[in-house]
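This report describes selected local features of one protein model. Please consult the sequence and the coordinates alongside the text.

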Amino acid sequence: MGAVTTDGWSTGPVAVVGADGQVGSALRDRLAELPTEVRPLRRGDDLRAAFRGADVVVHLAGALAPGRGNSYRAANRDTVAATCAALQDCAVRRVVFLSYLNVSAASANPYLRFKAEAEQLLQDCDTPAVIFRCAHIYGPPDQPGPTASALLGRHGRVVVPGPGSQRYAWIARDDVVEALVHAALDPSTPTGTFDLAGPQAYTVDEFVGHINPGPVRVRHLPGWAARLASRLVPGIPKPLIDVLLRDCLPVNDPRETADRFGFTLRTLTETWRRSP
């Protein structure tokens with residue numbers, strides 16, 4: 001373990017696999033505020049070399065809509081398998097993994113299935129793991145992230161897959177970052193699998209109404225039509241549509257996770273405020 005701060009936190013180094021995404025970029029900024037060496041890793045980097053001498057590995061690599069030349073298995077399972085293989089050669093204290101709520105090894109949806117298989121790989125690994133099963137993430141108004149951006153009105157209109165009544169326990173990006181930081185740097189936090197979600201669930205239509213600055217016309221795309229569109233529109237795969245049509249809710253009270261990891265969940269009203 002590296003040096004510790006006066007409050008007992010480790011000062012790293014922390015290797016971040018998948019450091020360029022919505023959460024990874026914000027995590028790097030947060031860690032830069034602390035006396036912690038950060039090792040950002042991108043696709044193709046040498047994991048063994050980066051993990052050597054590291055205190056913690058945070059694995060964020062994964063994709064709900066894999067790009068060209070990638071696949072659900074490669075993005076969500078194989079990257080974790082590579083992390084587990086590289087961990088065998090080093091003395092990393094802990095690995096922290098960002099998964100998704102409602103994953104299942106028996107799911108027909110490849111995203112949910114391969115995320116579940118990735119969790120099992122980490123559970124079988126010799127390195128203690130913290131697995132956060134995370135709800136849909138939204139950023140602040142100036143950096144909303146892909147899920148929230150898709151629900152911002154264009155010319156006063158928003159297209160919502162499904163009836164709009166599906167409920168998500170939306171979580172603020174910065175709360176996800178705090179959970180990761182506490183899990184990575186505070187050795188007193190527990191290992192295991194935890195639900196990570198916002199303090200309140202909203203329907204998709206309610207969320208649309210909150211994040212848009214003015215009235216918008218919402219067009220609901222029936223499930224069958226959304227699945228058909230996934231065959232015709234590049235970049236919108238069927239597994240993504242399938243996930244968006246489902247509720248995304250934690251099994252346990254998300255405030256219990258926040259309490260165990262020493263941070264406070266913020267509400268949508270607190271985190272999404274537009275300038276007058």
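The following paragraphs treat a helix, a pocket and three individual residues in turn.

**Helix α4**

The model is a predicted one. Within this model, helix α4 spans residues 110-124 and so comprises 15 residues. From the first C-alpha of α4 to the last, the distance is 21 Å, close to the 21 Å expected at 1.5 Å a residue. At the start of the helix, a side-chain oxygen of N109 lies within 2.9 Å of the backbone nitrogen of Y111.

Y111 is itself one of the buried residues of α4. The others are P110, L112, F114, K115, A116, A118, E119 and L122. The buried list therefore includes K115 and E119, both of which belong to residue types that count as charged. Which elements cover the buried residues of α4? Among them are two helices, α3 (72-87) and α9 (238-244), and two strands, β4 (94-100) and β5 (129-134).

**The second largest pocket**

The second largest pocket has a volume of about 190 Å³. Its lining consists of Q22, S25, A26, D29, R30, E33, Q143, R173, D174, V177 and E178. Two helices, α1 (22-32) and α6 (173-185), each contribute at least two residues to this lining. The greatest contribution comes from α1, which supplies 5 residues. By class, the lining of the pocket holds 6 charged, 3 polar and 2 nonpolar residues.

**Individual residues**

Three residues outside the pocket lining are described next, with their accessibility collected in the table.

| Residue | Relative accessibility | Class |
|---|---|---|
| W224 | 63% | exposed |
| N102 | 37% | partly exposed |
| H155 | 84% | exposed |

W224 is situated in helix α8, residues 223-232. Why is W224 classed as exposed? Its relative accessibility is 63%, and the class of exposed residues begins over 50%. The C-alpha atom of W224 is 9.6 Å from that of P161, although 63 residues separate the two along the chain.

N102 occupies the loop between β4 and α4. Its phi is positive, at about 70°, although N102 is not a glycine. With a relative accessibility of 37%, N102 counts as partly exposed, because that class lies between the 20% and 50% limits.

H155 likewise has a positive phi, of about 60°, without being a glycine. The residue lies in the loop that runs between α5 (145-149) and β7 (157-161). At 84% relative accessibility, H155 counts as exposed.

Key: Residues are numbered from 1 along each chain as its sequence is written. This is a predicted model: local features need pLDDT of at least 70, side-chain atom pairs count only at pLDDT 80 or more; totals for chains, interfaces and linings use all residues. Side-chain values use heavy atoms; hydrogens and water are left out. Helices (H or I, at least four residues) and strands (E, at least two) are DSSP runs, numbered from the N terminus. The expected span of a helix is 1.5 Å times one less than its number of residues. Buried means under 20% relative accessible area, exposed over 50%, partly exposed in between (1.4 Å probe, protein chains only). Contact means heavy atoms within 4.5 Å. A polar contact is a pair of N or O atoms within 3.5 Å; within protein, one must be able to donate a hydrogen and the other to accept it, and residues adjacent in sequence count only if both atoms are side-chain atoms. On a 1 Å grid over the protein atoms alone, a cavity is a set of points where a 1.4 Å probe fits but cannot get out, and a pocket is an open set with protein on both sides within 12 Å along at least five of seven lines; lining residues have an atom within 4 Å of a point. Grid points are joined across faces, edges and corners, and a volume is the space filled by probe spheres set on the points.
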